[in-house]
Amino acid sequence: MDALKESACKAIDEASSKLHKLSQEIWKNPQLNFEEKHAHRVLCDFLDENGFSAERSYKLETAFRAVIGDKGPHVSVLCEYDALPEIGHACGHNLIAEVGIAAGLGIKAAFETAGKPIGKLTILGTPAEEGGGGKIDLINAGAFDGMDASMMAHPAPFDVAEMAALAIETVTVTFYGKASHAAAFPWDGVNALDAAVMCYQTISCMRQQFRPTWRVHGIIKNGGAKPNIIPEKSVMEYYVRAPTMLELATLKEKIVSCFESAAKGTGCTVEYKFARPYLNVLNNMSLVRAYKENLKLLGGELPSKPASEKDNGFSGSTDMGNVSYIVPSIHPCFYIGSDAMNHTRAFTEAGGADKAQPFTLAQGKALALTAIDIFNKKGLLDRAREDFEKDKAASAQS
Ligand SMILES: [Zn+2]
Ligand SMILES: [Zn+2]
């Protein structure tokens with residue numbers, strides 16, 4: 001390992017206990033989409049205390065950034081830190097924040113060893129990944145302008161260097177009927193709950209014709225007020241996912257026909273509203289290869305657990321997908337020493353356990369080393385840009 005990379009790893013090792021304390025502080029105080037004030041404060045305080053200068057509430061109230069260097073390739077490492085309702089940090093975003101900050105410390109140490117910044121680093125705090133689309137707001141506000149590469153790493157039950165993240169659109173569907181006494185004058189009512197139930201069943205029947213990579217899942221949020229009132233209103237929420245935006249458009253058309261047929265069949269009217277999409281992740285393969293080589297360079301002292309065929313490469317969705325269409329990006333997922341799956345209480349425990357720490361620090365190092373390659377390795381960024389253009393062109397056609 002060269003001197004710059006060695007200094008990055010050393011700085012991360014030396015900071016290990018305070019990095020652990022930082023992610024524990026976030027883990028113990030889970031906060032939802034756009035409400036991550038505590039996490040925002042402790043992350044910015046940490047940066048200020050460790051030689052960075054944090055810009056608090058950068059473009060969004062709970063976003064932040066810290067920048068060092070002003071010339072050369074511009075790399076960003078992203079921190080997520082939002083939690084889930086009721087089950088806390090069940091997606092392990094406290095560890096994503098720790099990875100991002102650790103990588104930042106490592107890159108800063110490498111700049112110091114080099115005697116000057118050999119590129120430009122932005123540590124970017126991106127709130128509200130769990131449905132809020134914080135990165136979309138940051139993209140729209142210009143936070144990613146001028147960047148050459150962007151990286152983050154996400155905890156998972158296994159290691160995947162290229163995450164198969166699906167494009168997603170969420171939709172709220174409201175059926176309107178007419179209230180009436182359910183026993184005395186039922187013929188006078190129009191039952192909006194029946195429309196929701198029919199809609200649910202029709203979508204479920206249609207699944208046999210779905211491609212194996214499509215995902216549609218929904219709930220009934222409101223099914224009426226009281227059994228003796230014919231429900232005049234029902235509300236459903238659905239998530240609709242597919243590997244590309246083009247496939248998603250096909251799938252959406254099928255789903256919308258289920259909303260409309262359920263309304264028609266029950267005599268209701270229907271309104272539906274799709275939220276802005278999370279795009280599929282374009283894994284930049286030149287950067288993925290550099291990341292994998294750096295993991296190897298770190299010696300593989302940790303037990304890794306590769307994703308099996310049946311794990312499907314972790315087919316969630318993330319607003320990092322939107323970033324990956326703006327700037328060459330990687331979004332590896334990493335094992336944290338537990339078989340627990342994301343969005344479960346067991347995963348919340350795993351993300352707060354001491355056992356997760358060596359895996360998390362290794363990811364901080366792997367991202368720091370990959371950034372050093374982007375700054376130093378001739379041609380890597382050119383190859384990454386070529387991949388980026390090719391991937392974007394291909395996704396417009398499939
Ligand atoms: Zn999640
Ligand atoms: Zn997550």
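**Entry 1: zinc site.** I looked up histidine 343 in this predicted model and found the residue partly exposed, with a relative accessible area of 39%. I then listed the protein donors of the zinc ion (ligand 1): His343 (NE2), Glu130 (OE) and Cys91 (SG), at 2.0 to 2.3 Å from the ion. Two of these come from distant parts of the chain: I placed glutamate 130 in the loop between β4 and α5, and histidine 343 in the loop between β12 and α10, 213 residues apart. I also noted that cysteine 91 bridges ligand 1 and a further zinc ion, ligand 2, the two ions lying 3.0 Å apart.

**Entry 2: nonpolar cores.** I found 66 residues in the largest nonpolar core, where Leu19, Ile101 and Ile123 have the most contacts. Helix α11 (residues 356–376) gives the most to this core, with 11 residues. Leaving aside neighbours within four places in sequence, I recorded contacts of leucine 19 that include Phe46, Ile101 and Leu361. A second, separate core holds 25 residues, among them Cys199 and Leu248.

**Entry 3: salt bridges.** I obtained a count of 20 salt bridges. One of them joins glutamate 169 to lysine 252, with the closest N and O atoms 3.1 Å apart. Glutamate 169 belongs to strand β7 and lysine 252 to helix α7, so the pair ties together parts 83 residues apart in sequence. I noted glutamate 169 as buried, at 9% relative accessible area. I next examined lysine 392 and glutamate 389, whose side chains meet in a salt bridge at 4.0 Å, N to O. Both lie in helix α12, 3 residues apart, and are thus separated by about one helical turn. Finally, I recorded a network of salt bridges linking Arg41, Asp45, Asp48 and Arg56.

Definitions and conventions
Residues are numbered from 1 along each chain as its sequence is written. Chains are lettered from A and ligands numbered from 1 in the order in which they are written. This is a predicted model: local features need pLDDT of at least 70, side-chain atom pairs count only at pLDDT 80 or more; totals for chains, interfaces and linings use all residues. Side-chain values use heavy atoms; hydrogens and water are left out. Donors are N, O and S atoms within 2.8 Å of the metal (3.2 Å for Na, K and Ca); water is not among the atoms, so sites may look incomplete. Helices (H or I, at least four residues) and strands (E, at least two) are DSSP runs, numbered from the N terminus. Buried means under 20% relative accessible area, exposed over 50%, partly exposed in between (1.4 Å probe, protein chains only). A nonpolar core is a set of buried Ala, Val, Leu, Ile, Met, Phe, Trp, Tyr and Cys residues joined through side-chain atoms within 4.5 Å. Contact means heavy atoms within 4.5 Å.
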